[in-house]
Amino acid sequence: MSNKEWPLWEVFIRSKQGLNHKHVGSLRAADEEMAIDNARDVYTRRSEGISIWVVLSSNVFASDPSEAPELYEPSDSKIYRHPTFYDVPDEIQHM
Amino acid sequence: MNSLFEYTLRLGDDSLMIGHRLSEWCGHGPILEEDIAMTNIALDFVGQATSLLELAGKFEGKGRSGDDLAFLRFDRDYKNVLLVEQPNVDFGVTMMRQFLFDAYRKPLFERLQYASNKEIAAIAEKSLKETKYHLRHSSEWVIRLGDGTEESHTRIQEALDNLWRYTGELFYSDDVDKELIAAGEIPSMDGLEKEWRQTVNEVLAEATLKIPESDWQFDGGRKGMHSEHLGYILTELQYMQRAYPGLEW
Amino acid sequence: MKEEDRAILEQNFQAKIDNDIRIEPNDWMPDAYRETLIRQISQHAHSEIVGMLPEGNWITRAPNLRRKAVLLAKVQDEAGHGLYLYSATETLGADREDTIDDLHSGKAKYSSIFNYPTLSWADMGAIGWLVDGAAIMNQVPLCRCSYGPYARAMVRVCKEESFHQRQGFEIMMTLAKGSPEQKAMAQDALNRFWWPALMMFGPNDAESKHTAQSMKWKIKRHTNDELRQQFVDVTVPQAELIGLTVPDPDLKFNEQTGHYEYGEINWDEFWQVVKGNGPCNKERVDARRKAKEDGLWVREAATAYAAKKKLRKQAS
């Protein structure tokens, strides 16, 4: 029998109806039920949430920070995607 | 006898003692996450004990507060069942004790939430939500330990064998509850034991555990006759109030 | 990696820190930064966990139900804080179990204050007021530390801790205006915890070997002596307000600097306790080791059950 730890889980909490689940931290648990229970006990002690997702940390794939320039910077120059790029006469109040 | 007082006291003392036992784990749990979980449950019980003993004091009408009742009675005046004062021993015994108790508390509060006595009903309704989570937590652990490793199976089976003799008392009934039921203050407790038994059968079967054959049962707690363990609990619980009587903290 | 590549990476890294851009787990970082963080965060985590023990002592002896609930919730928060912090060290590649084993073997340190015994109920007050007070002073600046996961954990910790110090002060205040025995109990607790609380900020700046580098990396934002001074300045008037006496005959307010001057800290005692010779070092570590050993069969059972359940799910 391995003396090793339970797997690591990432915890996401929805703080109220209408909002996204947001990453709040991680914890150890042997299985998914326990991960939900532990997340409830660790991360919602002060009414921080109404819904919990848990994901095995090993199932999270992350983009490589060293590729950040090619992944994210090209969109910086596409300023026409933002409404402030366009001129609208002052008389028009809502657009 | 003041049955409302006596009945509420029994409920309150059950919560007080099992909360006390669980709180002994704080800082010593088998893993951090579980330490936090057990403390949450302990906190629920301390909260229940506070409301129930306050209410008992009110029913008694002699000006005793919840704290007076929690800290300043003699052993014979505590009315909790023997099960909840049994020592933690190890995590398996603690979880089995919790499970056997939670499986009783859930159908009990399901009934009491409809009590015509509104104050009892309000506490029962709030406590029921807590109890459902407690039962979920303790059942999951009984199953994990029962169907886990050989060692955990042996340990939790032994816990069950040792604690079984205290479960009959959960359904102890005397003039106190009969009078309240007859007076319509609390609903009938028909089927309570059956429901408990069903939960216990289901969970223990999934946990691959065997219910002990011996049907010898202890009681006494409801009448104030306790095991040796209660004295030690009171020694700690009452230390401050006895050493420094009548002060604010 | 070539030496010049490393030099560029290090330059970029320091530039990010200088510009207050947070470092995240997968970003490149110098090994020494990683190691220093692992040491600092895990020490902090250990302090939270060991810190549960002296207060845990009094949970079953709390004088009323309200105090019992508050103390339970507070000690539980410390377990939570330990957990957030261990999680932060895991983002740096330090396995939680290994980190904890280092605590149990004596290799890793934790805050020495927890090696002092809790002898009376007033100690619950003194710990909340002084020890949590000192800890908050240390921790608030860390909410802006350069390492993202640590800073985020500290934001959570600080938010939760704001009640800890208040409940401690409330205990002290209640005792200080209570019976003569209660007031004496409060004064005795202050006498015993005052100096160890000042020691919590660590050695004098001149003796502190990590400070300069840690400040450059923004994983420490004020020096030990700055924080200690701030603590003394804030705490002394609080003691006066409730009629307790800070046990330092040399303590005096300097009108010119606007700061309190305080007496010499007994650094011999400090180093002795750090080395393991404090009154409760052995009890504290033994208790943690015992919890881990006693829990082994439980953790194993849960692992075994999870594996069985997975197999059954696959088979069905």
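**Close-ups of chains A and C**

**View 1. Chain C, read from start to end.** Follow chain C along its sequence and you meet the pattern α-α-α-α-α-α-α-α-α-α-β-β-α-α. That makes 12 helices and two strands (helices are DSSP runs of H or I with at least four residues, strands are runs of E with at least two, numbered from the N terminus). This is a predicted model, where local features need pLDDT of at least 70, side-chain atom pairs count only at pLDDT 80 or more, and totals for chains, interfaces and linings use all residues. Residues are numbered from 1 along each chain as its sequence is written, chains are lettered from A and ligands numbered from 1 in the order in which they are written, and side-chain values use heavy atoms, leaving out hydrogens and water.

**View 2. How chain C fills space.** The C-alpha trace of chain C spans about 70 × 55 × 35 Å along its principal axes. Of its 316 residues, 58% count as buried (under 20% relative accessible area, with a 1.4 Å probe and protein chains only).

**View 3. The open sheet of chain A.** Here three strands line up in the order β2-β1-β3, with antiparallel pairing (two strands pair if DSSP finds at least two bridges between them). β2 (21-28) and β3 (51-56) of chain A sit at the edges with a single partner strand each, so one side of each has no neighbour in the sheet.

**View 4. Zooming in on β1 and β2 of chain A.** Strand β1 (residues 8-14) of chain A runs antiparallel to β2(A), and seven bridges join them. Look for Leu8(A): what stands opposite this residue in β2(A)? The partner is Arg28(A).

Terms used. Buried means under 20% relative accessible area, exposed over 50%, partly exposed in between (1.4 Å probe, protein chains only).
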